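Let's go through this structure together, one question at a time. Have a look at it first, and then we can work out some answers.

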Amino acid sequence: MPRTRQCSFCRYEFVQGTGIMYVRGDGSILWFCSSKCRKNAVNLKRDARKLKWTKYYKKEERLA
């Protein structure tokens with residue numbers, strides 16, 4: 001059975017062997033399920049809690 005990873009931005013799970021591994025200058029590793037998530041996190045520096053399409057937003061909405 002393939003291992004799953006969790007996207008560092010939207011918190012959705014995806015199968016190992018897909019997605020994007022991003023290594024920061026300090027050596028920390030971020031896993032992204034798509035280029036959409038990578039661009040929003042790295043290039044645009046957006047907060048996942050404020051975007052309605054992320055699982056992270058839905059989690060915060062339930063707690064409020």
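**Helix, strands and surface**

Q: Is Asn 40 buried or exposed?
A: This is a predicted model, so the values here are computed from it. The relative accessible area of Asn 40 is 7%. Since buried means under 20%, that value settles the class. Asn 40 is therefore buried.

Q: Which residues does Asn 40 touch, not counting those up to four places away in sequence?
A: Start with where Asn 40 sits, which is helix α1, covering residues 35-43. Leaving out residues up to four places away in sequence, its contacts are Phe 9, Lys 45, Arg 46, Leu 51 and Trp 53.

Q: In what order do the elements of the protein chain run from the N terminus on?
A: The chain's secondary structure is made up of 2 helices and 4 strands. Read from the N terminus on, the order is β-β-β-β-α-α.

Q: What share of the residues of the protein chain count as buried?
A: The C-alpha trace spans about 35 × 30 × 20 Å along its principal axes. The accessible surface of the chain is about 4,900 Å², with 50% of it belonging to carbon and sulfur atoms. Of the 64 residues in the chain, the share that counts as buried is 22%.

Q: Which residues make the nonpolar surface patch of about 270 Å²?
A: Ile 29 is a good place to begin, and this residue is in strand β4, residues 29-32. Its relative accessibility is 46%, so Ile 29 counts as partly exposed. A patch needs residues with over 30% relative accessible area. The nonpolar patch of about 270 Å² is made by Met 21, Val 23 and Ile 29.

Q: How far apart are the centres of the positive and negative side chains?
A: Two sets of side chains have to be placed here. The chain has 16 positive and 5 negative side chains. The distance between the centres of these two sets is 5 Å.

Q: Which residue forms a salt bridge with Arg 49?
A: Side chains of opposite charge can pair when their charged atoms come close. A salt bridge calls for a side-chain nitrogen of Lys or Arg within 4 Å of a carboxyl oxygen of Asp or Glu, and the count comes to 1 salt bridge. Arg 49 is partly exposed at a relative accessible area of 41%, and its partner is also partly exposed, at 28%. With the closest N and O atoms 3.3 Å apart, the partner of Arg 49 is Asp 47.

Methods:
Residues are numbered from 1 along each chain as its sequence is written. This is a predicted model: local features need pLDDT of at least 70, side-chain atom pairs count only at pLDDT 80 or more; totals for chains, interfaces and linings use all residues. Side-chain values use heavy atoms; hydrogens and water are left out. Patches are made of residues with over 30% relative accessible area and no salt bridge: like charges are joined within 9 Å, nonpolar side chains (Val, Leu, Ile, Met, Phe, Trp, Tyr) within 5 Å. Accessible areas come from the Shrake-Rupley method with a 1.4 Å probe; for residues, only the protein chains shown count as cover. Buried means under 20% relative accessible area, exposed over 50%, partly exposed in between (1.4 Å probe, protein chains only). Lys and Arg count as positive and Asp and Glu as negative; His and the chain ends are not counted. The place of a charge is taken as NZ of Lys, CZ of Arg, CG of Asp or CD of Glu. Contact means heavy atoms within 4.5 Å.
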